[in-house]
Structures are given as C-alpha cells and as structure tokens.
Amino acid sequence: MPKKDSFEVSGPTHLTSINWNCPNYQRSVAASLVQGVYVLERDRQKDRKGSEALALSWYQHFHFKLIETLLDDKDSSIFGAVYEYSPMGPLSDLAPHYGSDAPSFILAFRGTLLTKKNIIRDIKLDLGIAGIVKNRLGDDNRVKYGLEVLDKLVNTYGHQKIWLTGHSLGAAIAIILGKNMAKSNVFVKSFLFNPPYVSIPIEKTIGSTKLKNGIRVFNGFLKAGFVSLLKHEESTSSNDCFDMLESWVPQLFVNHDDDICCEYIGYYERREKMKAIGASHVEAIIAKNAVRNLVWNFSGNESEPLHSIPSAVLNVNKKRAKLIGGLIGGLLAHRICQWWQKDLDVHSRDYRFIKELVNL
C-alpha cells in the first residue's frame, strides 16, 4: 500500500474534532479533499476497488461523500471531484463537527501527476502552448468542464456554502473558475494550494531583501511605463471587471522554497513597497491593465496572467523545506501534504486592493 495514498498513514488523523470556524481546520480539510482527488485517480489507474480503494477515507473522515468525478476528455483521468457535506452520514460519531462555516459542497482539483498515464497530458497543460506558461489554460476543456459544474452548483444551491479548491495545476484551474464567477458578481470561497506563478523565482534565488525589493519596484515602474505607452481607451467593462475581481478574496497557500509558487510573496510585497514609497498609483495602472486583458480574453483576443489577483489572503509556510536541500527540498515544498501537518508554521496576511486607486 503506498503510504502517501493511505489516510491512516499520511492523513491528518489528529483532526478528530473539526471547528469549521477555524482557518487552520478549513485549510486542512480543503487540502485533504484535494488529496482525495489525487488518490481517486491513482485508485482508477491501479484498479483498486472495494476494500482496496484508498480515496474514501480522505473525504469520509470529514463527513463528506463523493457525488461526482470530473473526467478528462483526452486521457479519461479523474482531475476533479465534487464532495457533499453529510454530517449525519457514515462515521459521523468519529469526528464531531461544530461551527457555522461548514461548506455544503466542495469542488476540488488535483495537480500534475507524473505517472505514465498522466504525465503527457498534465505536462502539456503546465508547459504547452495551450497551458499555464502561455496563459491559455482557460481554453482547455478541463476548465470549461469545471466551470459547467461550478455554475450548476451555484445556480442550484447558491454560492455561500460552496468551496473551490485545488493544488498546483488544479489551483490554476480553480483561479480561472473563481475569476469567472467573480466577473458575474459571485464570490466563491476558495483555497488555492501552491498555485503556479510564471516568473523567475526572485523570492528564492536572491537572498538580499533590499535587492529583491529594488528589482520588483523597478520592474513595477517599467511595466507601468510600458502600459502607458500602449494605453487603450478606458472601458466601463474593464472598470466593472476590476471592481468585481477586487471583491473576490481567495486564500493562497505558498511555500518560500517552492519555485512554482513562491513569487506570489514578492507580488504582494511589491504592492506594499509601492504604497510605502507613495507609488500606489503605479501599481494600480499595472493591475488595471491586467484586468483589461482579462476582459479581452473572454472575447478570445488576449489572455491575462494567472497571478493577477487583486485581493487575497496570502498564507506562507515558514517551515523551511530547503533544510533537506536542493531539488528534493523544492519538491517537498510543493507537496499538498504539508498543508494538513500539525506543526505547520503559517504566516497569514490579508492584501486588499484599494478601490480608490483604480479611479485614476
């Protein structure tokens, strides 16, 4: 039995009582249900059925039941799942739950699987022409299917008790879905684990804080100047779209030692630095232009950077994976399992984009 697939061996078995009002518990449950999607796909690949299947414990421990799996149209893999909260269901006596913030449904997406049956399709979505690196993931059928499922849940049950979550590639899918819903003035509670940030990882590769801040501030002014040179006529749709995205505040979970997501730390720190030196208007120009690109993208003309998220709660795991060293440390820093550990050292900060700065 693979240890990472077994809830009893690798899962948060210490969570015997869940307080839905506690952010730490919410994070742990969301991460566990994402892991459930990974294990569902590995169960499928290894033909583990009945008592041999391992995915069940990852969601049933928290009183959820699986109501739908999302299958990829090209490789038939399970890339997502819909879970329904069922506190009176099986095992209800094992983990008493309390708190008013419990979700009714969770839509979860796994990330890249480096198995023989998944690697080609998943890597294409990560690095291919129609993938994350080229900001074209929104054109893929996984995103379109996920949006259909989320739309159905929201239209049937309302968005207040629906959670959206994903890890790595799955977090990228969830970001696009969350932005789409926000564009319709619907704000789905979202937990995004190790979301990809397409950039040189300055946060990890440069040790000096002053140098990192200097590079980011200079880059900000450079971007703002470039935008001004190519400035298009302001449109009501872009302003409205920005206001809607500003009101969506997802939870981002990143690790300083993870090359794939660590630059989110710098992305939000640059905004604070810009504010400190009285250059908030420069950041507003950059952000507004990115959202304008989002408006164009829905028309099929241009795409928008995945990381353009005006407001977020940034949760940084300060437990340094690099103590293990090199590539292994980086891989550990990207794993979903870190987010349900008891000894996690998470530092959280709420970043809100000030609406007035956009009205330039």
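Q: In what order do the eight strands of the open sheet lie?
A: In this predicted model, eight strands form an open sheet whose pairing is mixed. From one strand to the next, the twist averages 20°. The order of the strands is 2-3-5-6-7-8-9-10.

Q: Which strands stand at the edges of the sheet?
A: A strand with a single partner strand has one side left without a neighbour in the sheet, and so it stands at an edge. This applies to residues 64–71 and to residues 346–351. The edge strands are therefore strand 2 and strand 10.

Q: In which sense do strand 5 and strand 6 pair, parallel or antiparallel?
A: Strands of a sheet pair through backbone hydrogen bonds, in either a parallel or an antiparallel sense. Strand 5 covers residues 105–109 and strand 6 covers residues 162–167, and five bridges link the two. One of the bridge pairs joins A108 to T165 of strand 6. The sense of the pairing is parallel.

Q: At about what angle does helix 2 run to strand 3?
A: Helix 2 spans residues 23–45 and lies across several strands, including strand 2, strand 3 and strand 10. Strand 3 itself comprises residues 78–85. The angle between helix 2 and strand 3 is about 130°.

Q: At about what angle does helix 6 run to strand 6?
A: Helix 6, formed by residues 169–183, lies across strand 5, strand 6 and strand 7. Relative to strand 6, helix 6 runs at about 145°.

Q: Is L15 buried or exposed?
A: L15 is located in the loop between helix 1 and strand 1. Beyond its neighbours within four places in sequence, L15 contacts Y25, S28, H61 and F62. Its relative accessibility is 3%, and buried means under 20%. L15 is therefore buried.

Q: How far apart in space are L15 and V29, C-alpha to C-alpha?
A: In sequence, L15 and V29 are 14 residues apart. In space, their C-alpha to C-alpha separation is 9.1 Å.

Q: Which residues does N118 touch, not counting residues up to four places away in sequence?
A: N118 lies in the loop between strand 5 and helix 4. Its relative accessibility is 0%, so N118 counts as buried. With residues up to four places away set aside, N118 touches E41, Q45, D75, S77, R110 and L113.

Q: What accessible area does the nonpolar surface patch that includes I123 have?
A: I123 belongs to helix 4 and, at 30% relative accessibility, counts as partly exposed. The patch is formed by L114, I119, I120, I123, L127, V133 and V198. Together these residues have an accessible area of about 620 Å².

Definitions and conventions
Residues numbered from 1 in each chain as written. Predicted model: local features only at pLDDT ≥ 70, side-chain atom pairs only at ≥ 80, totals over all residues. Heavy atoms only, no water. Pairing = 2+ DSSP bridges. Helix = DSSP H or I, 4+ residues; strand = E, 2+ residues; numbered from the N terminus. Axes fitted to C-alpha atoms, helices over the stretch in contact; angles between N-to-C directions. Contact = heavy atoms within 4.5 Å. Buried < 20%, exposed > 50% of the residue type's maximum accessible area, 1.4 Å probe, protein only. Patch = residues over 30% accessible without salt bridge, like charges linked within 9 Å, V, L, I, M, F, W, Y side chains within 5 Å. Areas by Shrake-Rupley, 256 points an atom, 1.4 Å probe, with all protein chains shown as cover. Salt bridge = Lys/Arg side-chain N within 4 Å of Asp/Glu carboxyl O.
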